[in-house]
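Visitor: Please take one part of this model and examine it closely, and then relate what you find to other parts of the chain. I should like the residues named and the computed values stated.

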Amino acid sequence: MVDTKPLLPASNSDGSYLTGSRVNSLKPIKVYLTIFCGLLAVGLFAALLIGNYWSDNARIHGSLASSTSKRTYPLRPVSRGPAQGVSEKTSGIWAGVSCGPAQGVSEKTSRVRAGPLFYNGWYHFFYQYNPNGAVWGDIVWGHAVSKDLINWFHLPLAMVADQWYDKNGVWTGSATILPDGKIVMLYTGSTTEAVQVQNLAFPANYSDPFLIDWVKYHGNPVLVPPPGIYKKDFRDPTTAWLTSEGKWRITIGSKRDKTGISLVYDTKDFINYEMLEGELHAVSGTGMWECVDFFPVSKTEGKGLDTSINGPEVKHVVKVSLDDDRHDYYALGTYYEKNGSWIPDLPEIDVGIGIRYDYGIFYASKTFYDQNKNRRVLWGWIGEGDSEAADMEKGWASLQSIPRTILFDNKTGTNLLQWPVEEIESLRLNGTEFEKVAVKAGSVVPLDVGPGSQLDIIAEFEIDKEALKKATGSNITFSCQTGGGAAKSGALGPFGILVLADESLSEQTPLYFYIAKDSDGDLKTFFCTDLSRSSKAPDVDKQIFGSYVPVLKEENLSLRVLVDHSIVESFAQGGRSVITSRIYPTEVINGASKVFLFNNATETCVTASVKIWQMDSAFIRPYSDDDDDKDDDDRKSSAPCFILCPINYIVSCVTCLYFIYHVSKFS
């Protein structure tokens, strides 16, 4: 008989938790609060000294005459709103945000990636950032560097809003590395008259591996809105790619009426531009296109491609961030260099109406080609799901996802595969393996893995094939959002994993599959995340996320989950479908988080095989010359941040402080 309360805790016959075999055993680093506070105080003082040193000793070496570059100065707070092309966060619940000028969330650190790149042995991450508070305004470019995309050093601000052409904000931009190793950075500035223009900047000193100082071209802006384009609808230049004629080509997001478009420009010197007729692409009814991304993927090789690569073995991806619904969409298609256009393979899943990068909270994403490891890496912004008042109380808002690699899914031909960069595995500690666990219909099985706040989980589920055949079909159309969540039983689902759950399951976050069978006997699989019982707090977003995920014949259902306190990133079927969530539990704090398997189906048993690793903490703090003499263990022991602690929280060692605060009070 099926349990009438299937999401209450169940146990083995002796009442114990299910235990697994240990995969490995590494002793985690423990940092006591008193030591942390002392290090924090020292770090803050050192950061101030370092910041002053860099500011006072900045040297500008530019190759373009009469160019300008200024170090960081305090900016006068400026209120932003619709008059500046900004969608402000006005409700107590997360209302979505936009890229570039359409910032919709209050944030001490903005989320938009601006020109990530790999240069002279370092990964560089530039990001939009408000240094003056957890509200929209005073947008400048923060800057951090890393050797491995996981552990980061903060550097001084890269660019501030100090010229007429970017006085209202240094917004989204992209880096292009030229064949001779030089770097050009194109970025959107909002002028003193709130006109969106494109500007050129470049490093002051190419011999500096940290690229600390940047020079703004004296002739900025290099592009202004063309005729027929509204002054606030012209933003976010892409990385440039080479044409067969030796010209550089970029595309910029815009709209005409309600049609989203990407304008195309050619240039030989990044100063003078020729606008091509027509657009790279346009889709009616999708509204303003922000943070447009355009890049090739290989149909035959499991590696990333430089942005300029083209040919018969290549598909091209167009990705846009829709200002209207605050989601990132992509489509695969064919690029025609001669007229600078792109045609989708399947118009029914065109850009803005088809597949999303992520079906949770994930926006304003950007990729870059990592020539160091021949891969394309995706960054995405994770917004908040709590109130603006909470943002202001904790002093920060928004964070970055773990970087993801992107590959063409040659099995479906319609999807990309997203997967956490391999470097994240360096943070794995104690591992536990559970082999072929039978999860009966209507049951919940606890897994003994210790504290469940920082985890890397890999799971595979086998379904009873006879049950699939015998299950009764239905004409009812299923969706994650309207299907009743994880508590609603169906013949073939839901089943999956509960994370960030307390002992009594009064708070829980289910990540699950649901198989729908129609009246013709066809099966369709959905991947969902249910936040409806993730928190007892009244003022947080508790949506149910998810969508259809392609599952091919003979494939088992697979899932990978990265849990880091208030952030959960879930990857189904090797990354065909991804869901990122923000969780704000009130009970699951201070090590109380548990993990469970569950099966709320009525007509099938599920067999699960699971590996779970505890995860160490990444280090994120200001860089100093002493770091050249430290090894990795020394660095980690001096910076007790958490695994997904993003590099764009707030300046210097305050990062660790407010994330500790976030975990203890809001997680």
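**A charged pair and its surroundings**

Guide: Arg375 and Asp370 form a salt bridge, in which the closest N and O atoms are 2.7 Å apart. The model is a predicted one, and every value that follows is computed from it. Arg375 has a relative accessibility of 7% and therefore counts as buried. Asp370, its partner in the salt bridge, has a relative accessibility of 0% and is likewise classed as buried. The cut-off that matters here is that a residue is buried when its relative accessible area is under 20%.

The pair also belongs to a network of salt bridges, which links Asp370, Lys373, Arg375, Glu422 and Glu423. As a general matter, side chains of opposite charge can pair when their charged atoms come close. The structure holds 30 salt bridges, and two others may be set beside the pair just described.

One of them joins Asp323 to Arg326, with 3.2 Å between the closest N and O atoms. Asp323 has a relative accessible area of 14%, so it is buried. Arg326 counts as buried at a relative accessibility of 11%. The other joins Lys303 to Glu301, and there the closest N and O atoms are 3.5 Å apart. Lys303 is partly exposed, with a relative accessibility of 37%. Glu301 is also partly exposed, with a relative accessibility of 42%.

Burial recurs at a histidine. His143 lies in strand E4, which covers residues 140–146. The relative accessible area of His143 is 0%, so this residue is buried. Its side chain makes a polar contact of 2.9 Å with the side chain of His124. Which residues does His143 touch, not counting those up to four places away in sequence? They are His124, Phe125, Phe126, Tyr127, Phe153, His154, Leu155, Pro156, Ala158, Phe210 and Leu211. His124 is thus on this list and is also the partner in the polar contact.

A strand can be described in the same terms. Strand E6, residues 170–177, has seven of its eight residues buried, so it is largely enclosed by the rest of the structure. In a regular strand, the side chains alternate between the two faces of the sheet. E6 pairs with strand E7, residues 183–190, in the antiparallel sense, and six bridges join the two. Among the partners, Ser174 is matched with Leu186 in E7. The hairpin of E6 and E7 has five residues between the strands, and Gly181 there takes a positive phi near 90°.

A second hairpin may be read alongside that one. Strand E17 (residues 327–336) and strand E18 (residues 341–344) run antiparallel and are joined by four bridges. Tyr335 has Trp342 as its bridge partner in E18. This hairpin has four residues between the strands, and Gly340 takes a positive phi near 70°.

The chain also has a covalent cross-link, since a disulfide is a covalent bond between the sulfur atoms of two cysteines. The count comes to one disulfide. It is formed by Cys480 and Cys528, whose sulfur atoms are 2.1 Å apart. The pair links distant parts of the chain, 48 residues apart: Cys480 sits in the loop between helix H3 (465–470) and strand E28 (495–501), whereas Cys528 sits in strand E30 (residues 523–530). The torsion about the S-S bond is about -65°, so this disulfide is left-handed. Cys480 and Cys528 are each buried. Cys605, by contrast, counts as partly exposed at 29% relative accessibility.

The values for the whole chain supply the wider setting. The secondary structure comes to five helices and 37 strands. Buried residues make up 60% of the 667 residues in the protein chain, and Arg375 and Asp370 are among those classed as buried. Of the contacts between residues at least 6 apart in sequence, 66% join residues at least 24 apart. The accessible surface of the protein chain comes to about 24900 Å², and carbon and sulfur atoms account for 52% of that area.

Methods
Residues numbered from 1 in each chain as written. Predicted model: local features only at pLDDT ≥ 70, side-chain atom pairs only at ≥ 80, totals over all residues. Heavy atoms only, no water. Buried < 20%, exposed > 50% of the residue type's maximum accessible area, 1.4 Å probe, protein only. Pairing = 2+ DSSP bridges. Polar contact = N/O pair within 3.5 Å; in protein donor to acceptor, adjacent residues only side chain to side chain. Contact = heavy atoms within 4.5 Å. Salt bridge = Lys/Arg side-chain N within 4 Å of Asp/Glu carboxyl O. Disulfide = S-S within 2.5 Å. Areas by Shrake-Rupley, 256 points an atom, 1.4 Å probe, with all protein chains shown as cover.
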